[in-house]
Protein chains: 2
Amino acid sequence: MDPSSDYANDPYTWEGLSGWKSYHTLRPFRGMYCDVRRRLPWYWSDIRDGFNYRTLAGTVRIFFVNLLPALAFQLDMTRHTDGYFGINEALFSSALAALVFSTLSCQPLTVVGITGLISLFNYTVFAITEECGIRELYPQFIAWVSIWAAITHWIAAICNWCDYMRYITDFSSNSFGMYVAIIYMVKGFQEVTALYYESNPSAGYLGVVIALCYFFSVVMLETVGSTTFFTPSIRKFIADYAYPIATIWWTGFSHIRGHIRDSGLARIPHTRAFYPTIDRRPWLVDFWTLPVKWVFVALPIGILLTLLFYYDHNVSSLTAQAKQFPLKKPAGFHWDFFLLGCTCFIGGIVGIPLPNGLVPQAPVHTDSLTEYKDTLTKSKEKDIEPEEGDWVHHNRKVVNATLVREQRISHFLMALALVGFMTGPLLDVLHTMPRALFAGVFWAVGFSGLTAMNITQNILYCLTEKRFVDPSDKRTTLKKSRILYYVFWQMLGVSFSLGVSFTRAAIGFPVIIISLIPLRWILLPRLFTEHELLILDAPTADADTVLASMGGRPTLPEVRMMEEKRRQQGGDGEMGEGSGSGSSSENPRGMRSREAFKDEEEKELEGSEGREEARRGIQATLRTGHA
Amino acid sequence: MDPSSDYANDPYTWEGLSGWKSYHTLRPFRGMYCDVRRRLPWYWSDIRDGFNYRTLAGTVRIFFVNLLPALAFQLDMTRHTDGYFGINEALFSSALAALVFSTLSCQPLTVVGITGLISLFNYTVFAITEECGIRELYPQFIAWVSIWAAITHWIAAICNWCDYMRYITDFSSNSFGMYVAIIYMVKGFQEVTALYYESNPSAGYLGVVIALCYFFSVVMLETVGSTTFFTPSIRKFIADYAYPIATIWWTGFSHIRGHIRDSGLARIPHTRAFYPTIDRRPWLVDFWTLPVKWVFVALPIGILLTLLFYYDHNVSSLTAQAKQFPLKKPAGFHWDFFLLGCTCFIGGIVGIPLPNGLVPQAPVHTDSLTEYKDTLTKSKEKDIEPEEGDWVHHNRKVVNATLVREQRISHFLMALALVGFMTGPLLDVLHTMPRALFAGVFWAVGFSGLTAMNITQNILYCLTEKRFVDPSDKRTTLKKSRILYYVFWQMLGVSFSLGVSFTRAAIGFPVIIISLIPLRWILLPRLFTEHELLILDAPTADADTVLASMGGRPTLPEVRMMEEKRRQQGGDGEMGEGSGSGSSSENPRGMRSREAFKDEEEKELEGSEGREEARRGIQATLRTGHA
């Protein structure tokens with residue numbers, strides 16, 4: 001069962017096919033079948049590989065970065081849906097998703113839960129029902145939206161439409177990540193403002209203090225991981241448990257006897273275990289009572305939801321399996337999307353917010369399951385003026401990812417923990433948490449998202465004084481204006497999405513997000529040269545293990561265009577042989593320059609601080625002054 | 001008038017003298033005379049050299065870091081002295097000191113103003129007078145304390161006692177700096193707590209928010225200077241004006257219409273321009289009405305004050321002229337201490353807090369007058385495992401101090417600005433500042449002091465994983481336990497001083513601080529080897545220009561001890577010639593190893609980020625993960 005080399009020649013491919021066989025939609029279940037066949041042999045190892053320390057650390061870390069924002073979004077939803085979605089619904093939804101996806105999915109690394117976008121979606125629909133005067137039908141209406149979404153999910157999965165996700169590059173995934181991170185930051189501010197109005201001014205300002213301190217605590221603790229203090233295991237421990245440490249500390253702080261405790265800080269509300277938040281509602285929504293007219297109004301909204309999840313969930317799977325992680329086990333996009341349809345259906349008829357892939361948190365799970373090794377790097381340094389200066393020796397730390405503990409146990413344990421928190425005693429524990437903390441959670445999660453995006457890194461690059469840029473940075477071969485032009489297109493997408501999010505048209509924003517893919521695929525190769533796109537853009541996930549599930553490596557349009565140009569110009573001299581002669585030779589050729597380029601790039605990345613650079617790029621830049 | 005090489009052979013020396021001539025006290029006025037003779041020729045250049053951009057930047061920066069803490073300490077003093085010392089007294093004192101020292105001193109770089117220690121001193125004396133039942137005699141009593149202090153200052157200056165300051169090494173000056181920085185941090189917390197009780201809880205928590213944000217703003221803005229963003233002049237500009245930018249921004253924030261403005265934030269009190277804070281008091285204190293008994297009780301307290309200023313003022317002069325600054329113009333400790341006696345006298349009889357050298361701010365002034373050059377350093381790096389890895393090239397920034405704009409103009413302009421703020425309209429401007437800002441000022445000044453001290457840096461060194469320490473770091477030749485043992489002795493001094501500061505015995509703490517000098521000079525050479533002390537300790541100022549005013553370079557006791565040992569053991573082989581044969585050969589020999597050592601050290605410092613490393617050592621360490 002040695003897999004590593006197989007996935008480049010996976011049987012699931014569309015290359016070299018013609019006629020009806022080449023139409024993805026005409027061969028239903030093909031993707032799902034291949035996904036299961038590919039992943040099932042790994043099931044036992046997914047359990048066996050879970051018995052190591054990383055699993056524990058990963059469980060704790062992902063539990064906190066899943067639960068805390070979920071609770072935060074739930075507070076937000078409660079406020080905007082007259083309390084229809086409450087804490088029990090949020091916990092139920094998270095637990096359901098975690099149970100289903102940890103046991104049945106092909107990609108157990110992708111953590112599924114409540115996102116900011118579903119919260120936005122749910123209360124926009126609520127506002128729409130209010131405007132249409134069917135406020136009291138909201139439960140049934142949103143149930144039907146979910147049912148339609150479930151049906152369209154299944155269709156998409158069956159018809160192999162997830163194949164198109166292989167065209168996702170950093171251009172759109174990072175724009176989306178930026179958008180989500182900004183939403184998180186804004187939510188943080190909304191949360192502290194709400195506290196001010198919903199409790200008293202004094203508790204409001206104290207809340208701001210707690211939120212700020214929480215945010216800085218998390219950032220500081222996570223930064224410890226990238227220093228050289230203590231031993232590798234201690235600093236990793238501190239970074240791993242940054243959220244739990246900060247949460248416990250500042251929750252404790254909010255209970256200090258005297259003025260702080262008496263200030264009337266708002267806390268998470270008390271609820272009855274296992275029951276829906278709204279009294280006397282059974283878990284099953286009587287969706288069959290919705291008038292037929294409204295059932296069909298729900299259809300287009302359901303499709304919009306599917307578009308959102310199609311992008312959101314699959315991008316979170318892509319980032320959870322992104323290029324910086326040395327993964328061995330195969331992906332399975334079609335099967336997982338089918339599963340997501342099932343959770344949509346269940347979630348819809350019991351009236352809970354629908355779970356899907358968590359964008360800023362998805363790579364956090366994989367990251368916390370990755371074994372990193374801090375290695376010593378020797379460096380020599382000299383002043384360039386006086387020219388004859390001596391080399392001064394330095395020791396530096398470089399972090400390399402050696403192995404990802406790919407397993408289902410951490411995801412499953414997280415599910416159990418979520419179920420645990422649905423019981424009475426642990427609900428009481430949640431009640432002790434001041435709501436202000438969640439503003440800090442939003443800022444911490446949003447900030448780490450913001451800094452990791454290529455938009456931020458390219459802007460910072462352009463702000464950096466050129467002579468201090470590393471010679472190995474490929475961007476030095478581009479004009480700054482071109483880089484900013486590229487950033488402009490990304491920011492255009494982000495701005496449109498943001499602009500729409502704060503209006504009633506919010507439920508339409510998946511269309512904008514999705515449209516970034518064809519924009520990248522059709523427009524960008526005409527605006528930028530192949531060289532520029534090679535440097536500025538890259539597929540979000542480019543491991544064969546991941547791409548196999550989507551039909552293999554795509555040929556980038558700029559590469560294809562350049563080749564066509566060359567072929568037309570230079571006759572068919574060196575390129576001539578085998579033009580368009582099928583899959584196995586088409587692919588390697590299409591990706592040739594990208595592949596060669598990647599090797600160099602990796603070397604460079606390693607040299608300049610490895611994954612830390614990738615993950616916390618700007619933070620490091622801001623602090624060390626090296627771009 | 002080319003000076004640079006002269007000061008090593010300055011006529012003001014005590015080496016090679018014998019009989020009564022070698023007694024410092026028996027040759028009154030010698031130091032003061034030499035100080036003036038050495039510095040007077042530079043007077044015209046002190047003015048001429050002031051016409052450049054650095055002077056402006058330095059003026060603004062030092063104005064803010066002088067004024068803001070002075071106001072903050074004044075708030076503290078007002079609270080603890082029943083309002084005797086108010087804002088007008090604080091401004092008068094700062095302006096007086098700045099006018100006198102900018103025009104008449106030998107060391108115009110040393111900024112003189114109101115420190116935390118004089119505030120502590122003043123209100124401890126107030127508490128004592130209250131306990132003795134002479135509360136209403138406080139103005140006269142403190143006036144007499146000041147008069148006695150003035151007299152003992154003059155005696156010390158005339159008798160050349162400032163010579164002993166040449167024995168100050170980082171051991172005691174950094175312990176003192178640490179003590180002062182901790183006092184600042186504590187004051188910040190006291191200030192926000194006081195706000196909470198003196199206004200309302202809501203304004204109190206809002207105050208904490210402003211203080212925290214102010215603190216982080218200053219730290220962030222100052223950090224920009226050590227990045228590679230923008231151009232050197234822009235990033236220097238941002239770092240230079242960190243305090244003004246943050247002060248204006250957060251003062252403006254506190255005036256945002258609505259809840260923030262209405263929350264009742266405490267602001268600096270309104271006072272009548274040019275008059276003492278207490279109504280119907282003339283500026284001249286009727287000190288002649290104090291009963292003779294109390295006049296003599298004031299004497300020992302005056303002597304304690306002199307001890308405090310002797311250490312505090314001279315150490316601030318030393319740090320303003322410390323080894324990292326490439327200074328050209330000569331120092332003058334005796335003359336300046338005489339001048340300080342004069343301001344003590346004037347300050348005493350008009351009833352204002354006595355000004356003296358500002359310890360954490362003193363190097364800030366010189367630093368902001370220093371022209372730094374960001375130079376490019378090429379470095380090559382490779383992973384040590386795989387052994388045959390290629391060298392990866394990097395560009396890094398190294399900062400070198402090229403020149404200090406030594407002049408009187410910035411100090412004088414600051415004096416004028418302070419006088420301006422004593423007028424009605426500008427007092428109104430001060431009134432707009434929320435008091436909470438000052439907690440932020442305390443934290444910002446204290447934090448930058450904390451991180452710069454060798455205590456902090458040694459502790460961080462011991463926490464660092466050894467393999468990532470630069471091979472050029474001399475501390476690698478020592479055991480960590482020895483370094484911690486050295487830190488222990490410093491912390492012992494700091495803890496004693498702190499312990500005493502929070503009791504009635506606070507006025508006695510100068511004795512503890514001063515006792516660190518003989519401790520270093522007598523005890524430490526017996527506890528540590530010459531090698532250890534060479535690495536862990538160094539004279540605070542070691543330029544000949546500075547040392548000339550104190551009788552030249554001292555021979556370090558550990559060097560003398562080692563030499564005596566060698567002489568006893570190895571006969572007088574290579575060391576024999578000219579043992580004890582007078583000043584010019586004695587000195588170079590005594591300092592030989594230190595000098596050789598210094599050269600290497602400097603090279604190393606340059607390599608590892610130059611002055612930034614020196615000034616913001618830990619900050620950088622915390623962020624980059626390189627020790």
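Is Asp170(A) buried or partly exposed, and what is its relative accessibility? At 14% relative accessibility, Asp170(A) counts as buried. The close-ups below start from that residue, and keep in mind that everything here comes from a predicted model.

**View 1. Asp170(A) pairs up with Lys323(A) in a salt bridge.** The closest N and O atoms of the two side chains sit 3.1 Å apart. Asp170(A) belongs to helix 7 of chain A, while Lys323(A) is in the loop between helix 12 (292–320) and helix 13 (333–350), so the pair ties together parts that are 153 residues apart in sequence. Unlike the buried Asp170(A), Lys323(A) is partly exposed, at 34% relative accessibility. If you wonder how such pairs come about, side chains of opposite charge can pair when their charged atoms come close.

**View 2. Lys187(A) and Asp76(A) form a salt bridge between two helices.** Here the closest N and O atoms are 2.7 Å apart. Lys187(A) lies in helix 7 (residues 170–198) and Asp76(A) in helix 3 (residues 53–80) of chain A, so this contact links parts that are 111 residues apart in sequence. Lys187(A) is buried, with 8% relative accessibility, and Asp76(A) is buried too, at 2%. Zoom out a little and you'll find both residues in a network of salt bridges. Its other members are Arg79(A), Glu191(A), Glu198(A) and Arg435(A). Over all chains, the count of salt bridges comes to 61.

**View 3. Over in chain B, Arg281(B) meets Glu89(B) in a salt bridge.** The N to O distance is 3.5 Å. Arg281(B) sits in the loop between helix 11 (259–262) and helix 12 (292–320), and Glu89(B) in helix 4 (residues 87–104), so the pair ties together parts that are 192 residues apart in sequence. Both Arg281(B) and Glu89(B) are buried.

**View 4. Helix 6 of chain B is mostly covered.** This helix runs over residues 138–158 and has 21 residues. From its first C-alpha to its last it reaches 30 Å, close to the 30 Å expected at 1.5 Å a residue. Of those 21 residues, 18 are buried. Just after the helix comes Asn160(B), with a positive phi of about 65 degrees. Asn160(B) lies in the loop between helix 6 and helix 7 (170–198) of chain B, and it is buried, with a relative accessible area of 0%.

**View 5. Phe230(A) is a residue other than glycine with a positive phi.** Its phi is near 55 degrees. Look for Phe230(A) in the loop between helix 8 (201–224) and helix 9 (232–240) of chain A. Phe230(A) is partly exposed, with a relative accessible area of 29%.

**View 6. Five residues of chain A make a nonpolar surface patch of about 350 Å².** They are Leu99(A), Phe412(A), Leu413(A), Leu416(A) and Val419(A). Helix 15 (residues 409–420) gives the most to the patch, with 4 residues. Leu416(A) lies in that helix and is partly exposed, with a relative accessible area of 44%. Here's a handy thing to know about helices: an α-helix has 3.6 residues a turn, so residues three or four places apart point the same way.

**View 7. Residues 27–197 of chain A are part of an annotated domain.** An unreviewed UniProt entry lists "Bicarbonate transporter-like transmembrane" for residues 27–197 and 203–539 of chain A. Residues 27–197 are 74% helix and 1% strand, and their end C-alpha atoms lie 56 Å apart.

Notes. Residues numbered from 1 in each chain as written. Chains lettered and ligands numbered in written order. Predicted model: local features only at pLDDT ≥ 70, side-chain atom pairs only at ≥ 80, totals over all residues. Heavy atoms only, no water. Patch = residues over 30% accessible without salt bridge, like charges linked within 9 Å, V, L, I, M, F, W, Y side chains within 5 Å. Areas by Shrake-Rupley, 256 points an atom, 1.4 Å probe, with all protein chains shown as cover. Salt bridge = Lys/Arg side-chain N within 4 Å of Asp/Glu carboxyl O. Buried < 20%, exposed > 50% of the residue type's maximum accessible area, 1.4 Å probe, protein only. UniProt positions renumbered as here; feature names shortened; annotations may be inferred. Expected span 1.5 Å × (residues − 1).
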